[in-house]
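Here's a quick tour for anyone meeting this structure for the first time. Have a look at the model, then read on about an enclosed space and some helix pairs.

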Amino acid sequence: MTGSILFEAIVFLLGAIICVSIAKRLGLSSVLGYLFAGVLIGPYVLGFIGQEGEDILHFAEFGVVMMLFLIGLEIEPKNFWKMRKTIVGMGGLQVACTMLISYFLFSLLGFEWKVALTFSMAVALSSTAIALQTIKEKGLLNTTFGASSFSILLFQDIIVIFMLGALPLLANTSNTAVEQTSDHTNLLQNLPLGLQTLAILGSVVVIIIAGKYLIVPMLRKVAKTGVRELLIAAALLIVFGISFLMELVGLSPALGAFLGGVVLSNSEFKHELESTLEPFKNLLLGLFFMAVGASINFLVIAKSPFTVGGILLAVIVLKAVVLYITATVFKLKLNQKLQLTFTLSQIGEFAFVLLSFAFSLHILEQNQLDIMLVVTALTMTVTPIIGMLNERLLLPRLGTKESIKRPMDHIAKSQKIILVGFGHFGSTIGRFLRTHGVEATILDHDSNRVDFLRKMGFEVYYGDATRTDLLESAGIAEANILICAMDNPDVIKKLAKTVKENYPQVKLMVRAKNRYAAYEFLNMEIDHIYRESLETSLKLASEVLSQMGFRRYTLQRQIQNFIKYDEDSLRRLAKEKKIGDDSYIFKARKELEQQEKLLEQDFKRGIVEFDNHWDAEKIRKSLNKNEIVKNV
């Protein structure tokens with residue numbers, strides 16, 4: 001077709017819009033929509049995108065890099081350190097067992113030992129992009145299943161560094177030939193192994209130091225300019241710069257980006273970086289999935305259908321069995337085992353790099369490379385389909401069996417309440433209700449958490465509350481209130497939409513992680529919204545003022561005034577069409593000025609005229625003494 005970059009951009013965007021829209025309408029994952037769009041526009045179906053698809057694939061891998069950077073931002077260093085045993089344990093067991101069994105199987109198929117070892121390395125890797133995107137879409141990243149998946153994927157991203165380092169040892173050519181043909185050369189490859197190790201450790205130290213003493217000060221200076229475009233440029237510079245440094249020393253760019261995110265997770269720019277990079281990440285991830293679909297070579301499939309089909313089936317079954325055993329060893333529940341098994345049973349995107357590098361080293365022949373690249377792309381394509389079948393067919397029948405009861409008999413004031421999500425936010429609500437004699441039907445989608453909370457004395461039931469049948473079993477038809485206490489806004493929106501459409505008599509009370517989530521809920525006509533950090537922040541601020549001598553009753557009243565004015569402002573700003581543009585910023589500043597003016601007036605009026613409550617005895621005496629003097 002035409003070589004115009006504008007034409008190719010139109011094709012990619014149109015394919016994504018049509019196919020992803022259809023996939024979502026059918027209740028499928030957006031990943032499947034992107035993959036199918038790539039197959040359609042690729043060189044072997046409609047032919048809109050030619051052989052340049054491989055170049056697009058390399059560019060689109062920046063979506064994976066950005067995703068890991070944003071995940072790193074969500075993980076504080078102390079929490080990352082706590083996960084080290086799970087990362088090494090689960091990840092190490094999965095990679096070692098998969099490599100060992102797959103090497104044996106490829107050897108039985110007649111492949112040379114070097115080829116079998118290379119293939120086994122590729123098979124041991126799973127797709128970080130597909131797995132984490134699917135997990136995040138379903139709001140399961142903070143569950144036991146989500147944490148286990150992330151641990152395994154992170155270990156794979158680390159071990160791929162050593163795999164790339166080991167491949168030259170298997171090369172069939174001289175070092176000179178390798179240097180000429182390899183695209184994966186780095187500055188350290190000619191150094192002794194000890195110096196390479198020191199240089200790699202040094203690069204990690206550089207990222208940590210730069211994060212504190214270079215990147216954060218730079219972001220502060222950029223923020224002072226007030227130009228949003230500069231902040232976007234700075235965020236992209238951070239991700240690309242860290243990735244480039246990792247490539248120079250032979251490490252995975254995605255791993256470097258993740259480390260950079262962890263380093264910046266405690267900075268004041270954490271949320272700004274998240275909101276700035278999220279659109280780029282989603283766009284590039286979508287492009288990556290489409291490039292994977294376009295890279296499926298149907299000519300290779302037609303030439304060797306039984307070979308490709310046999311390896312494809314063997315790889316998925318092998319990885320599924322190993323993952324199930326790994327989950328069993330680490331005592332995951334049955335539903336979590338099934339989710340882990342079918343989510344990570346594909347070959348990952350780093351296999352493209354690994355296999356191409358092995359070909360450049362003359363370890364693989366052209367036909368071997370073509371077959372494994374097709375198998376890799378096909379495993380990534382069928383994974384969302386397998387996951388969908390697991391959710392709709394296996395989990396309802398074989399998952400953790402928890403009988404959902406009707407609301408408890410003893411409910412104060414005849415209230416019937418369903419509480420969805422029993423993490424740190426939801427458990428506080430549940431405990432406070434129970435203290436006052438109000439029982440609620442509590443649902444949570446993490447079976448490990450359910451078992452733990454039951455041991456703690458809470459009547460918690462396992463299940464996905466977005467399913468109508470589960471809500472019916474929980475008594476939604478007779479309930480008065482449904483509390484959404486989950487931490488994923490997308491899942492809350494899905495649940496709220498289901499309840500509003502099917503059970504309009506139920507009052508919704510939802511948790512909002514931040515102001516922007518609150519805007520979305522307000523536009524869905526949900527009136528009862530509770531921002532998780534608002535009251536806590538105000539309580540802390542009032543304690544500071546109390547320590548400085550302000551009166552507690554005054555502060556308590558001002559907290560209530562602040563909340564009232566802020567909620568009024570929230571409802572007005574939610575009507576803005578584009579949150580974050582110049583019009584929104586102008587109106588938001590005016591709202592802040594008006595809010596501060598009203599609070600200042602309330603404070604001055606209250607402390608002079610009415611505020612005689614909650615004072616210390618010393619202050620009461622002082623006030624009485626002043627009153628006596630005034631009367632005299």
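Searching the whole structure turns up one cavity of 30 Å³ or more. Keep in mind that you're looking at a predicted model. The largest cavity holds about 50 Å³ of space.

What lines the largest cavity? Eleven residues do the job, and T143, F145, Q336, Q339 and H445 are the ones nearest its centre. Two elements give two or more residues to this lining, namely α9 (144–166) and α17 (334–343). The biggest giver is α17, with three residues. As for character, the lining of the largest cavity splits into three nonpolar, seven polar and one charged.

Now for the helix pairs. Two packed helices are described by the angle between their axes and the distance between the axes. Here are both values for two pairs:

| Helix pair | Axes come within | Crossing angle |
|---|---|---|
| α12 (residues 228–248) and α13 (residues 253–263) | 8 Å | roughly 130° |
| α7 (residues 113–123) and α18 (residues 350–360) | 9 Å | roughly 165° |

Let's take α12 and α13 to begin with. Their axes cross at roughly 130°, which makes α12 oblique to α13. The way α12 passes α13 is a right-handed crossing. Where do the helices touch? On the α12 side you'll find I242, S243, M246 and E247, and they meet P253, G256, A257 and G260 of α13. Sort the residues of this α12 and α13 contact by type and you get four nonpolar, three polar and one charged.

Next up are α7 and α18. How do these helices run relative to each other, roughly parallel or roughly antiparallel? The crossing angle is roughly 165°, and angles over 145 degrees count as roughly antiparallel, so α7 and α18 are roughly antiparallel to each other. The crossing of α7 and α18 is right-handed. From α7, the residues making the contact are T118, F119, M121 and A122, while α18 brings A351, L354, L355 and A358. The residues in this contact of α7 with α18 come out as seven nonpolar, one polar and no charged.

If you want a place to start exploring, try T143, F145, Q336, Q339 and H445, which lie nearest the centre of the largest cavity. After that, follow α12 to I242, S243, M246 and E247, where α12 meets α13.

Definitions and conventions
Residues numbered from 1 in each chain as written. Predicted model: local features only at pLDDT ≥ 70, side-chain atom pairs only at ≥ 80, totals over all residues. Heavy atoms only, no water. Axes fitted to C-alpha atoms, helices over the stretch in contact; angles between N-to-C directions. Helix = DSSP H or I, 4+ residues; strand = E, 2+ residues; numbered from the N terminus. Parallel < 35°, antiparallel > 145°, perpendicular 65-115°, else oblique. Left-handed = near helix turned anticlockwise from the far one by under 90°. Contact = heavy atoms within 4.5 Å. Nonpolar A, V, L, I, M, F, W, Y, C, P; charged D, E, K, R; others polar. 1 Å grid on protein atoms, 1.4 Å probe; cavity = no way out; pocket = protein on both sides within 12 Å on 5 of 7 lines; lining within 4 Å. Points joined across faces, edges and corners; volume = space filled by probe spheres on them.
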